[in-house]
Amino acid sequence: MNIDWAALGSVFGVSLLATVLLVGLFTLGILGLSKQEEAAAQGGSAALARTGAYACFALCVAAVSFGIFLIVS
């Protein structure tokens, strides 16, 4: 049995990067929603925080959908 270590390292690196990016995007979305609630409690407008949070969640959905597409096809 022969293991292609370069390919294994490449898969590990891409998986690690994708995981960190997805978790980071989701965290930014949650942070944006919490800032939106905080701004609403103070009587301010929170449209930018809400829009940014929804954009982060949309990017997470797009990345997961693309991953499922790659697996299925």
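Throughout this report, a residue is called buried under 20% relative accessible area, exposed over 50%, and partly exposed in between, with a 1.4 Å probe and protein chains only. By that rule, Phe 69 is exposed, because its relative accessibility is 51%.

Some ground rules come next. This is a predicted model, where local features need pLDDT of at least 70 and side-chain atom pairs count only at pLDDT 80 or more, while totals for chains, interfaces and linings use all residues. Residues are numbered from 1 along each chain as its sequence is written, and side-chain values use heavy atoms, with hydrogens and water left out.

**Overall shape**

The chain holds two helices and zero strands. Both kinds of element are DSSP runs numbered from the N terminus: helices are H or I with at least four residues, and strands are E with at least two. The radius of gyration of the chain is 18 Å, whereas a compact globule of 73 residues would have one near 11 Å. That radius is taken over C-alpha atoms, and the globule rule is 2.2 Å times the number of residues to the power 0.38. Along the principal axes, the C-alpha trace spans about 65 × 25 × 10 Å.

Buried residues account for 11% of the 73 residues. About 5,700 Å² of the chain is exposed, and carbon and sulfur atoms supply 75% of that area. Accessible areas come from the Shrake-Rupley method with a 1.4 Å probe, and for residues only the protein chains shown count as cover.

**The two helices**

Helix 1 has 37 residues and reaches 54 Å from its first C-alpha to its last, close to the 54 Å expected at 1.5 Å a residue. Helix 2 covers residues 47-72; its 26 residues should span 38 Å, and its end C-alpha atoms are 37 Å apart, which agrees. The expected span is 1.5 Å times one less than the number of residues in the helix. After helix 1 comes Gly 43, with a positive phi near 90°.

Which residues of helix 1 are buried? They are Gly 29, Gly 32, Gln 36 and Ala 39, and the buried residues of this helix pack against helix 2. In helix 2, the buried residues are Ala 53, Cys 56 and Cys 60, and they pack against helix 1. A general point is handy here: an α-helix has 3.6 residues a turn, so residues three or four places apart point the same way.

Gln 36 is worth a look of its own. This residue sits in helix 1 and is buried because its relative accessible area is 17%. Leaving aside neighbours within four places in sequence, Gln 36 is in contact (heavy atoms within 4.5 Å) with Ala 46, Ala 49 and Arg 50.

**Nonpolar side chains at the surface**

Here are some nonpolar residues with their places and accessibilities.

| Residue | Place | Relative accessibility |
|---|---|---|
| Ile 3 | segment before helix 1 | 41%, partly exposed |
| Trp 5 | helix 1 | 61%, exposed |
| Phe 12 | helix 1 | 56%, exposed |
| Val 64 | helix 2 | 43%, partly exposed |
| Phe 69 | helix 2 | 51%, exposed |

Met 1, Ile 3, Trp 5 and Leu 8 make a nonpolar surface patch of about 570 Å². Patches are made of residues with over 30% relative accessible area and no salt bridge; like charges are joined within 9 Å, and nonpolar side chains (Val, Leu, Ile, Met, Phe, Trp, Tyr) within 5 Å. A salt bridge, in turn, is a side-chain nitrogen of Lys or Arg within 4 Å of a carboxyl oxygen of Asp or Glu.

**Distances across the chain**

Some C-alpha separations help to place these residues. Phe 12 and Leu 25 lie 13 residues apart in sequence and 20 Å apart in space. For Ile 3 and Gly 29, 26 residues apart along the chain, the separation is 39 Å. How far apart are the C-alpha atoms of Val 64 and Ala 18? They are separated by 10.0 Å, with their positions 46 residues apart along the chain. Phe 69 and Leu 28, which are 41 residues apart along the chain, have C-alpha atoms separated by 25 Å.
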